[in-house]
Structure formats: structure tokens, C-alpha cells
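Hi there,

Here is the structure I promised to pass along. Have a look at it first, and my notes follow underneath.

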Amino acid sequence: MALIEGRNPVLEALKNDREIEKILVNKDSKEGSIKKIIAIAKEKSIVIQNVDRHKLDEMSESHSHQGVIALTAEYKYYELDEILEIPRSKGEDPFFIILDEITDPHNLGSIIRTADAVGAHAVIIPKRRSVHITPVVAKASAGAVEYVPVCIVTNIVNTINTLKENGLWIAAADMDGKTFYEQNLSGALALVVGSEGKGISRLVKKNCDFTVSMPMSGNVSSLNASVAGGILLYEVYRQRNEKK
């Protein structure tokens with residue numbers, strides 16, 4: 001059993017017909033979006049349980065439940081062949097994000113939220129040394145985990161090679177190489193974003209086709225993974241839409 005915490009994540013789960021066992025609501029909080037959640041849940045015959053805020057505080061993993069927690073089935077991860085089929089079925093060039101050992105749940109959630117905004121087809125994460133979908137990730141994504149497929153793979157390098165075999169170019173977000181606006185990021189592409197501290201691992205970087213960097217003139221030499229990823233994802237979005 002998994003938890004979905006917060007008003008927007010729970011609302012998006014309801015809209016996306018996520019299988020929900022029951023929804024716990026703070027008995028003193030029935031206004032605004034909570035009212036909307038209750039109405040949709042009743043329409044779908046989902047059990048609503050009114051509880052004290054203390055009960056929600058005890059259950060919460062994100063510590064930001066906003067008066068509502070949904071109990072649901074575990075998140076369904078996608079297989080690599082499933083995400084490859086998504087752009088094919090839409091007649092679109094594939095656009096994937098590969099995260100190399102992202103361990104901060106807020107960064108993963110933020111990247112998934114941006115991935116949804118720019119129309120990326122999926123996010124790929126490794127099985128080990130990476131945060132997976134948790135209530136904190138779902139909360140940070142503002143419900144985008146309900147719309148962006150997340151694929152877990154055993155080996156990032158093998159995955160990169162499989163994507164290449166399927167016609168994708170692999171771009172590494174790194175401080176070396178040409179700046180992002182000098183690179184062609186349209187077409188079939190997977191963008192690799194590295195961890196918060198170490199960046200992209202040497203072996204993963206070696207197997208990428210090219211690197212994209214961001215010019216920086218400040219005193220701090222690096223950006224948060226989700227911020228860097230967001231900038232690059234929007235450049236991909238811009239180039240893909242210019243092509244249309």
C-alpha cells in the first residue's frame with residue numbers, strides 16, 4: 001500500500017482514475033480543493049474517512065499532507081519497451097529524461113513536474129542508488145507522477161545503448177562541451193541529468209553521443225539538478241516546437 005499526500009497530488013490521482021482504497025481527510029478541513037476531492041471521491045464510490053489532523057501527521061512521510069492522504073496501490077513502473085511504444089503510438093519523436101543516481105526526492109519530483117510540462121514521454125531512473133516514487137516525490141511533482149511514465153532500469157549504460165539502437169541521440173548535461181543553445185536538441189532524444197553532487201558518472205557520460213552545458217557567470221559553479229534539468233528540458237521543448 002502506498003500513500004499519496006497533499007491536495008493537488010490526490011486530486012490528480014482521482015482525475016487519472018488511480019486505484020484508491022480510501023481517502024483520509026482532516027475532519028476540520030472541508031473547504032476549497034478538499035471539498036472538490038470529497039465530491040469526486042463520492043462520485044467514484046471511494047471510501048472517505050474523517051480523521052484528526054494528528055492521525056494524518058503520524059502517517060505523513062512528506063510532512064506536508066495539507067489535510068488529505070489517499071491510500072492506494074503501489075506506483076506502477078513502466079518497462080523500457082513500453083515507454084518506447086508511447087511516442088511511436090503518437091507519431092512523435094521520442095523525448096526521454098534519464099536520471100543518473102538522483103537521490104533527492106524533491107529533485108526527482110520537480111523534474112517529473114517539468115517533464116510533464118514540456119511533453120516528455122517518460123523519465124528513466126536506475127534501480128539502485130536512486131530515489132524511487134515516494135509520497136515526497138509525488139508531492140513535489142504536484143501530481144505529475146500520474147501523467148509521466150517512470151521506467152526503472154537495472155543498468156543505465158545498457159539502456160542508453162538500447163535507446164541508440166532505437167534511433168535516439170543521447171545528450172549528457174555536463175559543464176564540458178557546447179552550450180545547450182549551440183546543440184541540435186530536436187528529433188529523437190534522451191537527455192541525461194546527473195546526481196546533485198557527483199554529476200553524471202564517467203561510464204554513463206562516455207556512452208552519451210554529446211554533451212550540453214550551460215554558461216555560468218556567477219560565483220557558484222553548479223546548479224541544483226532539477227533547476228539544470230528544467231532549463232535544458234525547456235530548450236528541448238523550444239527546439240522541438242520550432243521544428244513543427
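I'll begin with a tyrosine: Tyr75 is buried, with a relative accessible area of 13%. Please keep in mind throughout that this is a predicted model. Tyr77, by contrast, counts as partly exposed, at 25% relative accessibility. The two rings form an edge-to-face aromatic pair, with 5.0 Å from centre to centre and 70° between the planes.

A second pair with an edge-to-face arrangement is made by Tyr234 and Tyr237, with 5.9 Å between the centres and 70° between the planes. Both of these tyrosines belong to helix H9, where they sit three residues apart, about one turn of the helix. As background, residues three or four places apart point the same way because an α-helix has 3.6 residues a turn. Tyr234 is partly exposed, at a relative accessible area of 40%, and Tyr237 is partly exposed too, at 34%. The total for the model is three aromatic pairs. There is also a charge over a ring: Lys76 lies over the face of Tyr78, at 4.2 Å from the ring centre.

Next, the strands. All five residues of S4 are buried, so this strand is largely enclosed by the rest of the structure. Which residues cover its two faces? Val68, Ala70 and Thr72 are buried on one side, and Ile69 and Leu71 are buried on the other.

S4 has antiparallel partners. Strand S1 (residues 2–5) runs antiparallel to S4 and is joined to it by four bridges, with Leu3 having Leu71 as its bridge partner. S2 is also antiparallel to S4, joined by five bridges. In that pairing Val25 stands opposite Val68, and Lys22 stands opposite Leu71. Leu71 therefore turns up in both pairings, as the partner of Leu3 and opposite Lys22, while also being one of the buried residues of S4 that leave the strand largely enclosed.

S2 itself is mostly covered, with five of its seven residues buried. S2 also pairs with S3, this time in the parallel sense, over five bridges. One position to look at there is Ile23, which stands opposite Ile48 in S3.

Helix H2 ties in with these strands. H2 covers residues 32–43, has 12 residues and reaches 17 Å from its first C-alpha to its last, close to the 16 Å expected at 1.5 Å a residue. Its buried residues are Ile34, Ile37, Ile38, Ile40 and Ala41. They cover an arc of only 170° around the axis, which puts them on the same side of H2. What do these buried residues pack against? Their partners are helix H1 (7–15) and the strands S2 (20–26), S3 (47–51) and S4 (68–72). On the face turned away from the buried side, H2 carries the exposed residues Gly32, Lys35, Lys42 and Glu43. After the helix comes Ser45, which has a positive phi, near 60°.

Two single residues also seemed worth passing on. The first is Ile112, in helix H5 (residues 105–118). Is Ile112 buried or exposed? Its relative accessible area is 0%, so Ile112 is buried. Leaving aside neighbours within four places in sequence, Ile112 is in contact with Val123, Ile133, Val137, Ser141, Ala144, Val145, Val148 and Val150. For a sense of distance, Ile112 and Arg7 are 105 residues apart in sequence and 18 Å apart in space, C-alpha to C-alpha.

The second is Ser213, which is found in the loop between strand S10 (210–212) and helix H9 (225–243). At 4% relative accessibility, Ser213 counts as buried, since the cut-off for that is under 20%. With neighbours within four places in sequence again left out, Ser213 is in contact with Asp174, Met175, Asp176, Gly177, Lys178, Thr179 and Phe180.

Happy browsing, and do write back with any questions.

Best wishes

Conventions: Residues numbered from 1 in each chain as written. Predicted model: local features only at pLDDT ≥ 70, side-chain atom pairs only at ≥ 80, totals over all residues. Heavy atoms only, no water. Expected span 1.5 Å × (residues − 1). Buried < 20%, exposed > 50% of the residue type's maximum accessible area, 1.4 Å probe, protein only. Arc of directions from axis to C-beta. Contact = heavy atoms within 4.5 Å. Phe/Tyr/Trp six-rings, centres within 6.5 Å; stacked < 30°, edge-to-face > 60°. Lys NZ or Arg CZ within 6 Å of the ring centre and 35° of its normal. Pairing = 2+ DSSP bridges.
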